[in-house]
Amino acid sequence: MKTLGQHLMTLCKATKLPSAVLSVVLIGGSLMTATPASADLTVYTDRPTARLQPIADEFTKATGAKVVIVEQAYPKILAQLKTEGATSPADVLFVKDLVYLAELSNLGWFQPMVSTLAEQSVASQMRDPKLLWTAITIRGRTIVYDSTRVAASELKGYEDLATAKWAGRLCLRTSQSAYNEALVAGLIETHGAVKAAAIVDGWVRNLATDPISGDTGVLEAIASGVCDVGIVNTYYLGQMVAKQPAFPVKAFFADALSTGVFGNGTGAGVAATSKQKELATRFIELLLSDKNQLEMSAANFDYPAKMGLLPTTLVKDWGVFKYNESNWTVVGSRAGEARDLMKAVQYK
Ligand SMILES: [Fe+2]
């Protein structure tokens, strides 16, 4: 028995319809829309559809092109791209982590864009050198501490958290998180593998408790006295403080005078399969408009990737900070080394 896709392919051949029509119709193996139009734009993303829909509507208003948002977790996006291969309907890939962006780049799922706006708006380390993708919203993965038990003056940076001063006082999220893969890949890129291993080994020795499954759990463990310090993405603290203004945990921006805070963020690029590179680039540029930058970053307590824009949420009160200058493409390509390093020092 033929699948729906095979039926539609036969139909396309029989009617001499372009296969692009089929790709618009078949999304995630299910019938999403029967409105074939070469101007339609398909976005594969792990970002919430509700947050992207107003931007999609704005794009449709400006260009006449309908936007189809296909939202699923990153592993499913990758699996779907692999299944679809060259016939994938994806025009834009928009995902949440530099490790994912690097993986999609390395697997050839992006094609370069031409965008003066992206080049002029986004710091060079936060976009691919060939503009295979650009950061859209950013955050630091930095140190957090209980302000009732620790003074900010006691903190320095990532390396310092590996010293005996913090023995039994540190909480970390598990090593399986892509956020920690990116962080450790950043340490390797910045300090070399030997020093990075010594730092992460020191962290593991200083743990107050087994690695915790999420960043929010790390913040809660610090607030409840299980540990004094931890490392989380800034937006998790922002979300927590928004809910509980008296939350005792504060952000400390690591290594301000040296290598800076390791950044990460969401990023978007034109899918290699897109036959509408200019339209897809225009969508990505719309994600970089001031209005959308401020709204998208605010929705997640993130920072705008566009330089010169300050966040509008409570995270602005924490001040500006220095990001590590390693290029995310290079950092992301070290994710495998980071996984091996974390395994070697028994970071669970
Ligand atoms: Fe997250």
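This is a short tour of a predicted model, with three stops to select in the viewer.

**Stop 1: Thr174**

Select Thr174, which sits in the loop between strand S8 (170-171) and helix H7 (178-191). Is Thr174 buried or exposed? Its relative accessible area is 16%, and because buried means under 20%, Thr174 counts as buried. Now show its surroundings. Leaving aside residues up to four places away in sequence, Thr174 touches Asn180, Pro211, Ile212, Ser213, Tyr347 and Lys348.

**Stop 2: helices H7 and H14**

Move along to H7, and add helix H14 (residues 335-344) to the selection. The two helices pack with their axes 8 Å apart, at an angle of about 95°. Angles of 65 to 115 degrees count as roughly perpendicular, so that is how H7 and H14 lie to each other. Next, show the side chains where they meet. On the H7 side, select Asn180, Glu181, Val184, Ala185 and Ile188. On the H14 side, select Ala335, Glu337, Ala338, Arg339, Leu341 and Met342. Sorted by class, this contact has seven nonpolar, three charged and one polar residue. Asn180 has appeared twice on the tour: it is touched by Thr174, and it belongs to the H7 part of the helix contact.

**Stop 3: the second largest pocket**

Rolling a probe the size of a water molecule over the atoms shows where empty space is left. To find the second largest pocket, select Ile138, Tyr303, Pro304, Leu309 and Tyr323, the lining residues that lie nearest its centre. How many residues line this pocket? The lining has 18 residues, and the pocket volume is about 320 Å³. By class, 13 of the lining residues are nonpolar, three are polar and two are charged.

Conventions:
Residues are numbered from 1 along each chain as its sequence is written. This is a predicted model: local features need pLDDT of at least 70, side-chain atom pairs count only at pLDDT 80 or more; totals for chains, interfaces and linings use all residues. Side-chain values use heavy atoms; hydrogens and water are left out. On a 1 Å grid over the protein atoms alone, a cavity is a set of points where a 1.4 Å probe fits but cannot get out, and a pocket is an open set with protein on both sides within 12 Å along at least five of seven lines; lining residues have an atom within 4 Å of a point. Grid points are joined across faces, edges and corners, and a volume is the space filled by probe spheres set on the points. Ala, Val, Leu, Ile, Met, Phe, Trp, Tyr, Cys and Pro count as nonpolar, Asp, Glu, Lys and Arg as charged, and the others, Gly among them, as polar. Helices (H or I, at least four residues) and strands (E, at least two) are DSSP runs, numbered from the N terminus. Buried means under 20% relative accessible area, exposed over 50%, partly exposed in between (1.4 Å probe, protein chains only). Contact means heavy atoms within 4.5 Å. Axes are lines fitted to C-alpha atoms, for helices over the stretch in contact, and angles run from 0 to 180 degrees between N-to-C directions. Angles under 35 degrees count as roughly parallel, over 145 as roughly antiparallel, 65 to 115 as roughly perpendicular and the rest as oblique.
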